[in-house]
Amino acid sequence: PDFVPEQVLQALARFSGWSPDGILVGNGSNELISAAVAVTLGPGKTVAIPQPTFALYELMAKAAGATIQSVPLKAADFSFDVDALLEAARTSDVVIVCSPNSPTGSLLARSDARRLLSEARGLVVIDEAYHEFSGQTLFPLLKEFDNLMLLRTLSKAWALAGIRFGYMMTSE
């Protein structure tokens, strides 16, 4: 049969439980990170990123000309410094968080994510590339917050890295 993008969106909608109008498919989640950065960041814009994390966020933000506001993880246990992240989110155009974080495995608790989404000045991108391994997702918050973008991939838990298939869920 012919490839029909609408069929892919409908299948993802059934799989994820989200509306096809709020799903964007990409050539891996890297392309979606690039797209999110391209449409939201540029010279004069600021992005808050917990560190250490997946290096691509900072590389793409710098390439777009954005200013990086690094938010160090707590040294004792590599958990998110939620207070520092909230402070940065109040003055940043975009916040990018990987949860579970790569490479530390740190999780952003749902209550902390709710606070972040409530207090952030702009868009909050949560990369859930490894959510199947953690048993935690922030998916329920999509119904509450228009400023949330969730990134997912089939490369990790589904072992489909070779097909480069990622998807983003956000408000319609």
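This is a walk through one protein chain, from its overall form down to a few single residues. The model is predicted.

Start with the whole chain. Its secondary structure comes to six helices and seven strands. Follow the sequence from the start and the pattern reads α-β-α-β-α-β-α-β-α-β-α-β-β. Helix and strand take turns until the end, where the pattern closes with two strands, β-β.

Now look at how the chain is packed. A compact globule of 172 residues would have a radius of gyration near 16 Å. The protein chain has 15 Å, which agrees. Its C-alpha atoms fill a box of roughly 50 × 35 × 30 Å, taken along the principal axes. Of the 172 residues, 49% count as buried. The fold also brings together parts of the chain that are apart in sequence. Take the contacts between residues at least 6 apart in sequence: 59% of them join residues at least 24 apart.

Turn to the surface. The protein chain exposes about 8,300 Å². Carbon and sulfur atoms supply 56% of that area. As for charge, there are 13 positive and 18 negative charges. The mean positions of the two sets are 2 Å apart.

With the overall picture in place, go to single residues. Begin with serine 16, in helix α1, which spans residues 5-16. Is serine 16 buried or exposed? Its relative accessible area is 12%, and buried means under 20%, so serine 16 is buried. The side chain of serine 16 reaches the backbone nitrogen of tryptophan 18 at 3.2 Å. Set aside the neighbours within four places in sequence, and serine 16 is in contact with Ile23, Phe139, Tyr167 and Met169.

Next comes serine 99. Find it in the loop between β4 (94-98) and α5 (110-119). Serine 99 has 2% relative accessibility, and therefore counts as buried. What does its side chain reach? It reaches the backbone nitrogen of leucine 108, at 2.9 Å. Beyond residues up to four places away in sequence, serine 99 touches a list of others, including Ser106, Leu107 and Leu108. Ile126, Asp127, Glu128 and Gln136 are also among them.

Stay in this loop and look at the backbone. A cis peptide bond joins serine 99 and proline 100, with omega about 0°. Proline 100 is itself in the loop between β4 and α5. Move along to the bond from serine 102 to proline 103. This peptide bond is cis too, with omega near 25°. Proline 103 also lies in the loop between β4 and α5.

Another backbone angle deserves a look. Phenylalanine 78 sits in the loop between β3 (67-72) and α4 (82-89). Its phi is near 60°. That is a positive value in a residue other than glycine. The relative accessible area of phenylalanine 78 is 44%, so this residue is partly exposed.

Now see how a loop residue can meet distant parts of the sequence. Asparagine 147 is in the loop between α6 (131-134) and β6 (148-153). At 17% relative accessibility, asparagine 147 counts as buried, because the cut-off is under 20%. Which backbone atoms does its side chain meet? One is the backbone oxygen of leucine 117, which lies 3.1 Å from a polar atom of that side chain. Another is the backbone oxygen of glycine 122, reached by the side chain of asparagine 147 at 3.2 Å. Leucine 117 and asparagine 147 are 30 residues apart along the chain, and yet their C-alpha atoms are separated by 6.9 Å. Not counting residues up to four places away in sequence, asparagine 147 touches Leu117, Ala120, Gly122, Leu123 and Val124.

Finish with alanine 66. It lies in the loop between α3 (56-63) and β3. Its relative accessible area is 10%, so alanine 66 is buried. Which residues does alanine 66 touch, not counting those up to four places away in sequence? They are Leu41, Gly42, Lys45 and Ala61. Glycine 42 is 24 residues from alanine 66 in sequence. In space, C-alpha to C-alpha, the two are 4.9 Å apart.

Key:
Residues numbered from 1 in each chain as written. Predicted model: local features only at pLDDT ≥ 70, side-chain atom pairs only at ≥ 80, totals over all residues. Heavy atoms only, no water. Helix = DSSP H or I, 4+ residues; strand = E, 2+ residues; numbered from the N terminus. Rg over C-alpha atoms; globule rule 2.2 N^0.38 Å. Buried < 20%, exposed > 50% of the residue type's maximum accessible area, 1.4 Å probe, protein only. Contact = heavy atoms within 4.5 Å. Areas by Shrake-Rupley, 256 points an atom, 1.4 Å probe, with all protein chains shown as cover. Lys, Arg positive; Asp, Glu negative; His and termini not counted. Charge placed at Lys NZ, Arg CZ, Asp CG, Glu CD. Polar contact = N/O pair within 3.5 Å; in protein donor to acceptor, adjacent residues only side chain to side chain.
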